[in-house]
Amino acid sequence: MTVRSALRFPDLSLRWWPVFQRNLLVWRKLAVPSLIGNIAEPLMWLVAFGYGMGALVGQVQLEGRAVPYIVFLASGSICMSAMNAASFEALYSAFSRMHVQKTWDGIMNAPVSLDSVVLAEMLWAAFKSIFTVTAILVVMLALGISHSPKLLAAWPILLGAGVTFSCVALIFNALAKGYDFFTYYFTLFLTPMMFLSGVFFPRDQLPGALRQVSDWLPLTNAVELVRPLFIDEWPAQPLRHALVLAAYAVVSFWLALALTRRRFGQ
């Protein structure tokens, strides 16, 4: 297959919807264990660091304003949760359906194109991420971390973050030969990004060069959009941050689609 053929314009249709429904029906059987597994870790981070370290740190300075550390951490960890939930679904679960269980091959025996299958997997991973962060956000509201009405605007932002990270993860899904391959993605990409994107501490503490790199990371831009909402403010540069996330999503989806086509010889 030529590079030009693999990079052709996506052939998308509404036939992604039955594939999405199929994933939803299967997941409903394991919804509760899945939800508990997805929200347990971020809530442990929140309790351990937010209340434990927060008692030592007290407040952090954010754009000249003192913000309780628990609020600072919660607004960053909710974006991190969207990233992790979308990435896990678009990697381990999608790889199982694609390579191990051969579910994709069975679906494509029906009149459903590979492009529609990849689109369905991307949207399904984004749905899983927004479902997870909604549950976490409800717990945060119950704990009284924030009651800002502007948090309603966080849902579409977090959904967009889920779409972006599911698109990026699908690139590695197309390249993977086995589950061990995903260790590179988490170790070399996601983990460093968590520490460079202002989730745990203000990015002002970073050296200048790392700060410039951090400005263009997708997680940074998601955090910059969501964090002001927790303190009842609007983001300072919403268009810039939204465009960065959109650019990552579009380019990553196109590349993931091209690599998946090459893998399937289409």
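What is the volume of the second largest pocket? About 540 Å³. The model behind these exercises is predicted.

**Exercise 1. Describe the lining of the second largest pocket.**

Solution.
- Step 1: count the residues. The second largest pocket is lined by 25 residues.
- Step 2: find the ones nearest the centre. They are Leu 62, Glu 63, Arg 203, Glu 224 and Pro 228.
- Step 3: find the elements. Strand E1 (59-62), helix H10 (218-230) and helix H11 (238-264) each give two or more residues to the lining.
- Step 4: find the largest share. H10 supplies it, with six residues.
- Step 5: sort by character. The lining has nine nonpolar, six polar and 10 charged residues.

**Exercise 2. Work out the span and the burial of H10.**

Solution.
- Step 1: take the length. H10 has 13 residues.
- Step 2: compare spans. From first C-alpha to last, H10 reaches 19 Å, close to the 18 Å expected at 1.5 Å a residue.
- Step 3: check the cover. H10 is mostly covered, with 12 of its 13 residues buried.
- Step 4: name some of them. The buried residues of H10 include Pro 218, Leu 219, Arg 227, Pro 228 and Phe 230.
- Step 5: look just past the helix. There Asp 232 takes a positive phi of about 60°.

**Exercise 3. Repeat the span and burial steps for helix H6 (residues 114-142).**

Solution.
- Step 1: take the length. H6 has 29 residues.
- Step 2: compare spans. H6 reaches 42 Å from its first C-alpha to its last, close to the 42 Å expected at 1.5 Å a residue.
- Step 3: check the cover. H6 is mostly covered too, as 21 of its 29 residues are buried.
- Step 4: look just past the helix. Gly 144 takes a positive phi of about 75° there.

**Exercise 4. Place Lys 102 and Asp 232, and give their phi angles.**

Solution.
- Step 1: recall the general pattern. Most residues other than glycine have a negative phi.
- Step 2: read Lys 102. Its phi is near 60°, a positive value in a residue other than glycine.
- Step 3: place Lys 102. It lies in the loop between helix H4 (69-100) and helix H5 (103-107).
- Step 4: judge its exposure. Lys 102 has a relative accessible area of 45%, so it is partly exposed.
- Step 5: read Asp 232. Its phi is positive, about 60°, although it is not a glycine.
- Step 6: place Asp 232. It is in the loop between H10 and H11.
- Step 7: judge its exposure. Asp 232 counts as partly exposed because its relative accessibility is 38%.

**Exercise 5. Explain why Cys 167 is not bonded to Cys 79.**

Solution.
- Step 1: count the disulfides. The structure holds zero.
- Step 2: start from Cys 79. It is in no disulfide, and the nearest cysteine sulfur, that of Cys 167, is 17 Å away.
- Step 3: recall the cut-off. A disulfide needs two cysteine sulfur atoms within 2.5 Å.
- Step 4: conclude. The sulfur of Cys 167 is 17 Å from the closest cysteine sulfur, in Cys 79, so it is too far for a bond.
- Step 5: add the burial. Cys 79 counts as buried at 1% relative accessibility. Cys 167 counts as buried at 1% as well.

**Exercise 6. Are Thr 260, Met 194 and Leu 73 buried or exposed? Give the surroundings of each.**

Solution.
- Step 1: recall the cut-off. Buried means under 20% relative accessible area.
- Step 2: take Thr 260. It lies in helix H11. It has 2% relative accessibility, so it counts as buried.
- Step 3: list its contacts. Beyond its neighbours within four places in sequence, Thr 260 is in contact with Trp 104, Leu 114, Val 118 and Ala 174.
- Step 4: take Met 194. It is in helix H8 (residues 182-196). At 12% relative accessibility, Met 194 counts as buried.
- Step 5: list its contacts. Not counting residues up to four places away in sequence, Met 194 touches Met 80, Met 83, Val 199, Phe 200 and Leu 219.
- Step 6: check one partner. Met 194 and Leu 219 are 25 residues apart along the chain, and their C-alpha atoms are separated by 7.5 Å.
- Step 7: take Leu 73. It is found in helix H4. With 1% relative accessibility, Leu 73 counts as buried.
- Step 8: find a distant residue in sequence. Pro 202 is 129 residues from Leu 73 along the chain, and 9.9 Å separates their C-alpha atoms.

Key:
Residues numbered from 1 in each chain as written. Predicted model: local features only at pLDDT ≥ 70, side-chain atom pairs only at ≥ 80, totals over all residues. Heavy atoms only, no water. 1 Å grid on protein atoms, 1.4 Å probe; cavity = no way out; pocket = protein on both sides within 12 Å on 5 of 7 lines; lining within 4 Å. Points joined across faces, edges and corners; volume = space filled by probe spheres on them. Helix = DSSP H or I, 4+ residues; strand = E, 2+ residues; numbered from the N terminus. Nonpolar A, V, L, I, M, F, W, Y, C, P; charged D, E, K, R; others polar. Expected span 1.5 Å × (residues − 1). Buried < 20%, exposed > 50% of the residue type's maximum accessible area, 1.4 Å probe, protein only. Contact = heavy atoms within 4.5 Å.
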